[in-house]
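Welcome, and thanks for taking a look at this one with me. Here are some notes to read with the structure open beside you.

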There are 2 protein chains.
Amino acid sequence: MAMTQAVEQRYTKPVLVAINKPLDEEDSLQALRSHAMFRSLRPKDLDSLIQQSRRLRLGHHQLLYRQDMPAHHFFFVISGRLRLYRLDSSGVDRTLDSIAPGDCFAEVMIYADPPRYACYAEALKSSEVLMIPVKAYRDLLDHNPEYAQAALSHYAKRAVTRFHDLEIMTVQNARDRLIRYLIDLLPNGAEEGGEVELPLPKCLVASRLAMQPETFSRILADLKSNGLIRVNRSRLLISDPQRLIAISQ
Amino acid sequence: MAMTQAVEQRYTKPVLVAINKPLDEEDSLQALRSHAMFRSLRPKDLDSLIQQSRRLRLGHHQLLYRQDMPAHHFFFVISGRLRLYRLDSSGVDRTLDSIAPGDCFAEVMIYADPPRYACYAEALKSSEVLMIPVKAYRDLLDHNPEYAQAALSHYAKRAVTRFHDLEIMTVQNARDRLIRYLIDLLPNGAEEGGEVELPLPKCLVASRLAMQPETFSRILADLKSNGLIRVNRSRLLISDPQRLIAISQ
DNA sequence: GCGAACCGTTGAGTTAAGTCAATTGTTCAC
DNA sequence: GTGAACAATTGACTTAACTCAACGGTTCGC
């Protein structure tokens, strides 16, 4: 109960009040210009969209928005890293996604009705995001139907990714879920090994994979002792992905 | 190993060879005309799309497509019910979604590159689907940018739904996952109770929720004995959803 | 530079969920 | 209609994962 109250209290705290910065540094928006949602935009339209947006600086652990809050903006990550999570009625924090520079999030809100954020978003470290008004982007699409193609392609990819995430979570045991997660972190799939960096602190990866931090730690220790991975902080060396997959039966 | 071989053997079996029927029964395509992806299409264009499509009749347990197969078509369910599932390397069957009449599936393949089905699709009972060529729909969008808007709205909704499905799966214990699943089946959310029908046989709901059929059965029996639900075959009566949510802490 | 937080790891004990097996009820094909 | 396959349930047992607790190692604020 005390927990529940704490959660509700958080709803009343103001968010989206971070310091905004002038948007004169063109170079740092290069990534934006090459994102699937924006790269087909005419410079004039993109500039107009950027003009209507605000650049936010977020500190470590700073909350950007809350679940159920009306969603008037979506976001593009310029630098840093964020995570999406939900709180359930008993206050348990469940991590759903992490977002890297060059990615968009909450962009599906463009067509939600009523538009409300489906989760919390917070900075995992000092970060910069571009806060784009949903209405501005929608207007752009409404007046330039040819732009919808690019957005469509991005949205389809997003749906595929979410489907894939769901697929991992239907794996019934913790070890195999973790192995699947690690394989997916490899840039080239399962073909060849490589070093991967966990996109989240270990305790949050655990939460993302629906297991306890202790379980996560034990599985990793076990994989390590079997020579399947090497662990250096949040960097993992996977030398033989095929063997890892074989282990997961 | 024997299992693995069986799986691979299935890959070689021909699919998509069901009997096609003439598309003269206009009435049964009414649902198609009101679907978000098609309702804004001019009659001429919709008719042309339908002309290029084939209507398939699928028998009980008949396979429609296999995971990893090149995806040249997406589908609209006219009648019956289908399920999407994946097989892992050891042959375990994991159910990912069920699809009701009036719904589309594999439609995200329009923008996949290369387009390959991400899972298996099979009929849960005798069903009819419309098999729409990906290329035909893409051409329609390419030549009529104004149509993209409708597709965009549908794709955004799809991404939101998948995100929500993922969210349920990060719930760590089987009972709470099942309760969340049941609540979501209620048409009016958690506000008032009602009777819901499981969209899948119980053993497949269990698979969808990453638990064993025995566990599913035991949890349901327990909820029943606590007066939280009434069970009649695949129909469940949820009289007090709020109490059910409270139980799941 | 020091202590307080926090993160990650490890150990010990407990519990939820999986496994195996037996039984009944249903559905379906012939 | 009958028997074979399958779906669902229940019991007994095992095990994977959770919980609680203690303990190093880092990081961060002062």
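The points below go from the pairing of the chains to the DNA strands and then to a few single places.

1. A word before you start: this is a predicted model. Please keep that in mind while reading the distances below, since they come from a prediction.

2. How are chains A and B related? Chain B superposes on chain A after a rotation of 180° with 0.0 Å of shift along the axis, and the RMSD is 0.0 Å. That is the relation of a two-fold axis. If you would like to find the axis on screen, look for B:A159: of the residues of chain B, its C-alpha comes closest to the rotation axis, at 2.2 Å.

3. The interface fits into this picture as well. Of the interface residues of chain B, 100% are also interface residues in chain A, so the copies meet through the same surface.

4. Now turn to DNA strand C. It is surrounded by 17 residues, and the closest are A:K202, A:R218, B:A174, B:T215 and B:R218. Both protein chains appear in that list of closest residues. Of the strand C atoms within 4 Å of the protein, 68% belong to sugar or phosphate, and the rest belong to bases.

5. Three polar pairs are worth displaying at strand C. A polar side-chain atom of A:Q172 lies 3.3 Å from a phosphate oxygen of the strand. The side chain of B:T215 also has an N or O atom by a phosphate oxygen, at 2.4 Å. With A:R218 the partner is a base: an N or O atom of its side chain is 3.0 Å from a base nitrogen of strand C. The elements that give two or more residues to this surface are α7 (202-208) and α8 of chain A, together with α8 of chain B. Which element gives the most to the surface near strand C? That is α8(A), with four residues. Sorted by class, the residues of this surface are six nonpolar, five polar and six charged.

6. DNA strand D deserves a visit too. Of the 17 residues around it, A:A174, A:T215, A:R218, B:K202 and B:C203 come nearest. For the strand D atoms within 4 Å of the protein, sugar or phosphate accounts for 68% and bases for the rest.

7. At strand D, try three side chains in turn. A:T215 has a polar side-chain atom 2.3 Å from a phosphate oxygen of the strand. For A:R233, a polar side-chain atom lies 3.4 Å from a sugar or linking oxygen. B:R218 goes with a base, as a polar atom of its side chain lies 3.0 Å from a base nitrogen of strand D. At least two residues of this surface come from each of α8 (213-225) of chain A, α7 (202-208) of chain B and α8 (213-225) of chain B. The largest share, four residues, is supplied by α8(B). The classes here are six nonpolar, five polar and six charged residues.

8. Away from the DNA, have a look at helix α3 of chain B, residues 43-51. Is B:L46 buried or exposed? B:L46 is buried, as are B:D45, B:L49 and B:I50. Seen down the helix axis, the buried residues of α3(B) fall within an arc of 135°, so they line one face of the helix. They pack against α2 (30-33), β9 (127-133) and α4 (134-143) of chain B. On the other side of α3(B), you will find B:P43, B:K44 and B:Q51 exposed.

9. B:T170 is a good place to see one chain meeting the other. It sits in the loop between α5 (148-169) and α6 (174-185) of chain B. B:T170 counts as buried because its relative accessibility is 0%. Its side chain makes a polar contact of 2.9 Å with the side chain of A:R94. Leaving aside residues up to four places away in sequence, B:T170 touches A:R94, A:T95, A:L96, A:M169, A:S207, A:R208 and A:A210.

10. A last stop is A:D176, in helix α6 (residues 174-185) of chain A. Its relative accessible area is 14%, so A:D176 is buried. Beyond residues up to four places away in sequence, A:D176 touches A:V171 and A:S248. A:D176 and A:L244 are 68 residues apart in sequence, while their C-alpha atoms are 9.5 Å apart in space.

Key. Residues numbered from 1 in each chain as written. Chains lettered and ligands numbered in written order. Predicted model: local features only at pLDDT ≥ 70, side-chain atom pairs only at ≥ 80, totals over all residues. Heavy atoms only, no water. Buried < 20%, exposed > 50% of the residue type's maximum accessible area, 1.4 Å probe, protein only. Arc of directions from axis to C-beta. Contact = heavy atoms within 4.5 Å. Near = heavy atom within 4 Å. Polar contact = N/O pair within 3.5 Å; in protein donor to acceptor, adjacent residues only side chain to side chain. Nonpolar A, V, L, I, M, F, W, Y, C, P; charged D, E, K, R; others polar. Least-squares fit on C-alpha atoms with pLDDT ≥ 70 in both.
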